[in-house]
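Work through the following exercises with the sequence and the model open. Each task is followed by a solution in steps.

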Amino acid sequence: MAEPSRRTVITAAAGLVTLTGCAKYGEPTNPSPGTPQGAPANTVLGKTEDIPVGGGVIFAANRIVVTQPVKGTFKAFSSICTHLSCPVATVAHGTINCDCHGSKYAITDGSVVRGPAPRPLPPKQITITGDSITET
Ligand code: FES
């Protein structure tokens with residue numbers, strides 16, 4: 001029986017490394033235990049007392065704006081402007097305001113009050129538990 005050449009051994013080893021790499025492709029590197037894949041984790045945003053009646057608060061890190069149009073009624077929308085995707089800057093005088101080009105959205109339903117925004121802010125799902133606001 002012939003001994004494998006040095007070149008044969010190196011080629012076989014390289015193939016093994018390639019196969020090992022392919023077997024891991026696309027798999028999560030560190031899935032969270034107990035969290036189904038693809039399911040967003042619930043994120044506590046803040047307290048209801050922090051949302052002014054007739055106004056709102058922008059949670060920039062979460063890309064969400066929570067409003068309270070009337071006492072005890074909370075709404076949530078994406079905080080990304082539908083014009084050219086700037087983050088909205090303020091909530092004042094009943095509107096959510098983008099400073100990039102002046103779009104304004106109603107705090108009641110995210111509808112466009114003033115353009116150039118072409119579409120309303122998409123709604124976001126939140127849950128109120130006690131005085132805690134959670135993005136769900
Ligand atoms: S990106 Fe908001 S108005 Fe243009």
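**Exercise 1. Chain overview**

Task: state how many helices and strands the protein chain has, and in what order the elements run.

Solution. Step 1: the protein chain holds 1 helix and 10 strands, where helices (H or I, at least four residues) and strands (E, at least two) are DSSP runs numbered from the N terminus. Step 2: read from the N terminus, the order of elements is α-β-β-β-β-β-β-β-β-β-β. Step 3: a note on the source is needed before going on. This is a predicted model, in which local features need pLDDT of at least 70 and side-chain atom pairs count only at pLDDT 80 or more, while totals for chains, interfaces and linings use all residues. Residues are numbered from 1 along each chain as its sequence is written, and side-chain values use heavy atoms, with hydrogens and water left out.

**Exercise 2. Burial, surface and contacts of the chain**

Task: give the buried share of the residues, the accessible surface and the share of contacts at 24 or more positions.

Solution. Step 1: 29% of the 136 residues in the protein chain count as buried; buried means under 20% relative accessible area, exposed over 50%, and partly exposed in between (1.4 Å probe, protein chains only). Step 2: the protein chain has an accessible surface of about 8900 Å², and carbon and sulfur atoms hold 58% of that surface. These areas come from the Shrake-Rupley method with a 1.4 Å probe; for residues, only the protein chains shown count as cover. Step 3: a contact means heavy atoms within 4.5 Å. Among contacts in the protein chain with a separation of 6 or more, 38% are between residues 24 or more positions apart.

**Exercise 3. The two sheets**

Task: for the sheets β2-β3-β4 and β1-β10-β9, find the edge strands and the twist.

Solution. Step 1: strands of a sheet pair through backbone hydrogen bonds, either parallel or antiparallel. Here two strands pair if DSSP finds at least two bridges between them.

Step 2: β2-β3-β4 is the order of an open sheet of 3 strands, paired antiparallel. Its edge strands, each pairing on one side only, are β2 (55–59) and β4. From one strand to the next the twist averages 20 degrees; axes are lines fitted to C-alpha atoms, for helices over the stretch in contact, and angles run from 0 to 180 degrees between N-to-C directions. Between β2 and β3 (residues 64–70) there are 5 bridges in the antiparallel sense, and I58 stands opposite V65 in β3.

Step 3: β1-β10-β9 is the order of another open sheet of 3 strands with antiparallel pairing. The edge strands are β1 (43–47) and β9 (126–129), each pairing on one side only. The twist here averages 30 degrees from one strand to the next. Strands β9 and β10 (residues 132–135) run antiparallel and are joined by 4 bridges; I126 has E135 in β10 as its bridge partner.

**Exercise 4. Cysteines**

Task: which cysteines form a disulfide, and where do they lie?

Solution. Step 1: a disulfide is a pair of cysteine sulfur atoms within 2.5 Å, and the count by this rule is 1. Step 2: the pair is C86 and C100, with sulfur atoms 2.0 Å apart. Step 3: the torsion about their S-S bond is about -95 degrees, so the disulfide is left-handed. Step 4: the pair links distant parts of the chain, 14 residues apart: C86 in the loop between β4 and β5, and C100 in the loop between β6 (95–97) and β7 (104–106). Step 5: C86 is buried because its relative accessible area is 16%, whereas C100, at 37%, is partly exposed. C81 counts as buried at 4% relative accessibility, and C98 is also buried at 4%.

**Exercise 5. The loop residue S79**

Task: is S79 buried or exposed, and which residues does S79 touch?

Solution. Step 1: S79 is in the loop between β4 (73–78) and β5 (90–92). Step 2: its relative accessibility is 2%, so S79 counts as buried. Step 3: leaving out residues up to four places away in sequence, S79 touches I58, R63, I64, V65, C86, P87 and V88. Two of these have appeared before: I58 and V65 stand opposite each other.

**Exercise 6. Backbone exceptions**

Task: where is the cis peptide bond, and what is phi of S85 and of H93?

Solution. Step 1: most residues other than glycine have a negative phi, and most peptide bonds are trans. Step 2: G115 and P116 are joined by a cis peptide bond with omega about 20 degrees, and P116 lies in the loop between β8 (112–114) and β9. Step 3: S85, in the loop between β4 and β5, has a positive phi near 70 degrees. Step 4: H93, in the loop between β5 and β6, has a positive phi near 55 degrees. H93 is exposed, with a relative accessible area of 83%.
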